[in-house]
Amino acid sequence: MPKRRRKLSKELEKQILASKKKIEFVTAIINDIEEEDIQGEYRLAFEPIRLASIKLSEEYDIVGYTEETQAIYSSYLRLLEDFLNNYEI
């Protein structure tokens with residue numbers, strides 16, 4: 001039985017690329033924090049966002065544009081917004 005083609009979305013691909021760049025940028029800022037306690041706190045708080053970005057990219061590569069990938073992206077945006085509102089970057 002032939003494999004179903006995964007549905008693609010140029011817009012979601014752009015958003016995934018932007019999320020990867022944002023992860024790199026914020027991670028670099030966190031790595032520049034000199035106080036280890038604060039840096040650790042920021043890393044811990046940022047980890048769910050990083051994992052959501054990775055999961056989004058992997059899921060899109062496997063299944064393409066689906067309701068699940070849309071939900072993961074929405075979750076990523078919500079987590080990022082919460083982080084940026086609660087932590088000074």
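This report describes the fold, the nonpolar core and four individual residues of one protein chain.

## Overall form

The model is predicted, and residues with low confidence are left out of the local features described here. The chain has three helices and zero strands, and the order of its elements from the N terminus is α-α-α. Along the principal axes, the C-alpha atoms fill a box of roughly 55 × 20 × 20 Å. The radius of gyration of the chain is 15 Å, whereas a compact globule of 89 residues would have a value near 12 Å.

Of the 89 residues in the chain, 27% count as buried. The surface that the chain exposes comes to about 6,700 Å², and carbon and sulfur atoms supply 50% of that area. The chain carries 14 positive and 18 negative charges, and the mean positions of these two groups are 15 Å apart. If one takes the contacts between residues at least 6 apart in sequence, 69% of them join residues at least 24 apart.

## The nonpolar core

The largest nonpolar core has 16 residues, and those with the most contacts inside it are Ile30, Phe46, Ile49, Tyr76 and Phe83. Helix H1 (10-31), helix H2 (36-63) and helix H3 (67-86) are the elements that give two or more residues to this core. The largest share, six residues, comes from H2.

Phe46 offers a way to look at this core from one of its residues. Leaving aside neighbours within four places in sequence, Phe46 is in contact with Ile23, Val26, Thr27, Ile30, Leu80 and Phe83. Two of the residues in that list, Ile30 and Phe83, are also named among those with the most contacts inside the core.

## Four residues compared

The table sets out where four residues lie and how much of each is accessible.

| Residue | Location | Relative accessible area | Class |
|---|---|---|---|
| Gln39 | helix H2 | 13% | buried |
| Ser57 | helix H2 | 11% | buried |
| Pro48 | helix H2 | 39% | partly exposed |
| Tyr65 | loop between H2 and H3 | 27% | partly exposed |

Gln39 counts as buried because its relative accessible area is 13%, which is under the 20% limit for that class. Apart from neighbours within four places in sequence, Gln39 is in contact with Ile30, Asn31, Asp32 and Ile33. Ile30 is also one of the residues with the most contacts inside the largest nonpolar core.

Ser57 is likewise buried, because its relative accessible area of 11% is under 20%. When residues up to four places away in sequence are not counted, Ser57 touches Ile16 and Lys20.

Pro48 lies in helix H2, but it counts as partly exposed because its relative accessibility is 39%, a value between the limits of 20% and 50%. Although Pro48 and Leu79 are 31 residues apart in sequence, their C-alpha atoms are 7.5 Å apart in space.

Tyr65 lies in the loop between H2 and H3, and at 27% relative accessibility it counts as partly exposed. The residues that Tyr65 touches, not counting those up to four places away in sequence, are Lys7, Leu8, Ser9, Leu12, Tyr60 and Gln70. Tyr65 and Lys10 are 55 residues apart along the chain, and their C-alpha atoms are separated by 9.6 Å.

Methods: Residues numbered from 1 in each chain as written. Predicted model: local features only at pLDDT ≥ 70, side-chain atom pairs only at ≥ 80, totals over all residues. Heavy atoms only, no water. Core = buried A, V, L, I, M, F, W, Y, C linked by side-chain atoms within 4.5 Å. Buried < 20%, exposed > 50% of the residue type's maximum accessible area, 1.4 Å probe, protein only. Helix = DSSP H or I, 4+ residues; strand = E, 2+ residues; numbered from the N terminus. Contact = heavy atoms within 4.5 Å. Rg over C-alpha atoms; globule rule 2.2 N^0.38 Å. Areas by Shrake-Rupley, 256 points an atom, 1.4 Å probe, with all protein chains shown as cover. Lys, Arg positive; Asp, Glu negative; His and termini not counted. Charge placed at Lys NZ, Arg CZ, Asp CG, Glu CD.
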